[in-house]
Amino acid sequence: MSATKRKVEGFDYLYLRGRSYEVRLQVPKALRVHVGKGELKRSLGGDFAKARRVYHTTVSEFQQIVENARQQEAPQPLPLARPVQELPTHDEINAASYAHFRVRMENMRGKNMSPSGRQARSRAERINALHEMLAFQLDTAEAELWSTMSGEATWLCTDMGWRIPADSDEFDYLSQSMMRARIQALKNELRRLEGQFGADPDADPLFGQKPPEPMPQKVNLGDLVKRFQSARQHKWSGSTQKNYAIIFRVIEEICGKATTLDRIDHDYCVEVWQTLKKLPANFQKHPDTRGKPIAEAIEIAARAGHPTISPATINGHLNKFAALIRFGRDKGWIVGNPMEDIEEPDPVPAREKRDAFTTEQLNLIFGSAPWSDGPDAEPERPSRYWAPLIALFSGARLSEICGQRVDEMIDERDVKAFHFRLRPDDRSIKSGESRKVPVHPVLIELGFWDFVEAARKSGREMLFPDVKRDRLGKWGDSTSKWFARLVDKLELRGRLLSFHSLRHTFEDALREADLHNTAIGNELTGRWTSGVSKDYGSSFPLSKLSKAIAKVSYPGLVLPSVRPAA
């Protein structure tokens, strides 16, 4: 026998069925053919506090489904009501969107917004319904889900005689305008019902009391940034987006988004360079400068004597700015190459910035836990035992190791190897190319391949299930921090000693084996250097790579828990 349901007092669409709360919303009969059902319902579980938190979002989602069905039910304009026009300008889209907004406002006035189709019992009920719909639209806009307005955008295209491809920037802009119009219309109707009859001081500038002014004809830095992001952002990793955020802040706060591109010349780019040189290191994290505008952060840091960012970091920002400038040049908006020869000189060679570990330091590291306790001492954290050893005997980067999948551990012609695959949506490779690196004989001796086979037998996806991606999409952040704590605990001294120092140590071993900066050595480490062809990527079979990596050794290194010979 099914459990009876009863309505929860104070909530129009919330019911208690047995011990579980659920949202139930009747679909008007005329719209059921479009929705595909007579009632929308969703279980919210048995926790009332949780059900109350998600109630309004769920109702708003259902309301949106019903509203979309109403749009389908509404009479459609005659096809090609106006002469066919190719892609409209933003000014034309803005003007049409404003006219659409005014019609929407007229149609909304006095309309019953309750999605159940019944007449509102009170003004308060209509206000609550509008608040629910507005909250849903704002959430959708915050997530930039412009495609939810594609129906209205297509309708307006037909009415205006526009041919705009659905995958174009113009269609996205139109859909975004449709959503902005809907949000402002809901706000205006709410203000009217709440007795606020004056102009909305916080109205969307596109949908105020007067039609929008035409945009200036000259493209400015703000326009360039938006178009650059639209064209490139989908390819960026989380860390790349974070790095671009700095230069975009400089453009907004220092350069000025309204700066027209005809002013971007070599002298202008030099001024950007000089500003970047003044940026304090870690200014977004330091308590003195965190949350402050860039200009203010520079002044505070200068007075306090805080160090500025390194030459390498300056050049990283300059490279991002140069990419933006090249994009504008390729579009014909910027003349020449104003970033030419702009680079921050670095007095410290790259090799001297970070030390490799000495043999004595390696013995201290691998003589401590977890290695002193054996590979099975911390079965819930296998990355701590194996990742440093893999880095030492392969030169692989932390994210490559910790992001490795079990099916990327391969055995080809009796050569066991890592297949560090480029996975654009999941794991980036700094060189931009996948590569295969044989497993060093010492790792085999330590029992690493037994660990691989056990992982394969378990059916898990990731080789190191204890490692998760961080908020920027990188693998191994927790392992890196743990290793840094270990270095501090052992009181190891050297320049910037960290997990990445193991890669430097491997490269020193390549030098000892006369393999450093050679084609085969670079293929093992995933590097490319001047004078070495980039086309060598698939020229070395695993058998040859295996012989090369076997030459890497560390005289005097003591590794505990070596698997005894059978």
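## A tour of a helix pair and a small sheet

H9 crosses H11 in a right-handed sense, and that is where our walk through this predicted model begins.

**First stop: the helix pair.** Select residues 266-277 for helix H9 and residues 311-330 for helix H11. Their axes lie 10 Å apart, and the two helices pack at an angle of about 145°. Now show the side chains. On the H9 side, pick Cys269, Val272, Trp273, Leu276 and Lys277; across from them, in H11, you will find Ile314, His317, Leu318 and Phe321. Colour this contact by residue class and you should see 7 nonpolar residues, 1 polar and 1 charged.

**Next stop: the sheet.** Move along to strands S5, S6 and S7, which form an open sheet in the order S5-S6-S7 with antiparallel pairing. Select 409-412 for S5 and 435-438 for S7: these are the edge strands, and each has a single partner, so one side of each has no neighbour in the sheet. Turn the view to follow the twist, which averages 40° from one strand to the next.

Then zoom in on S5 and strand S6 (residues 415-420), an antiparallel pair joined by 4 bridges. Which residue in S6 stands opposite Met409? Click across and you will land on Phe418.

**Last stop: the helix on the sheet.** Finish by adding residues 542-549, helix H20, to your selection. H20 packs on the sheet and touches S5, S6 and S7. To check its orientation, compare H20 with S7: their directions make an angle of about 50°.

Note on methods:
Residues numbered from 1 in each chain as written. Predicted model: local features only at pLDDT ≥ 70, side-chain atom pairs only at ≥ 80, totals over all residues. Heavy atoms only, no water. Axes fitted to C-alpha atoms, helices over the stretch in contact; angles between N-to-C directions. Left-handed = near helix turned anticlockwise from the far one by under 90°. Contact = heavy atoms within 4.5 Å. Nonpolar A, V, L, I, M, F, W, Y, C, P; charged D, E, K, R; others polar. Pairing = 2+ DSSP bridges.
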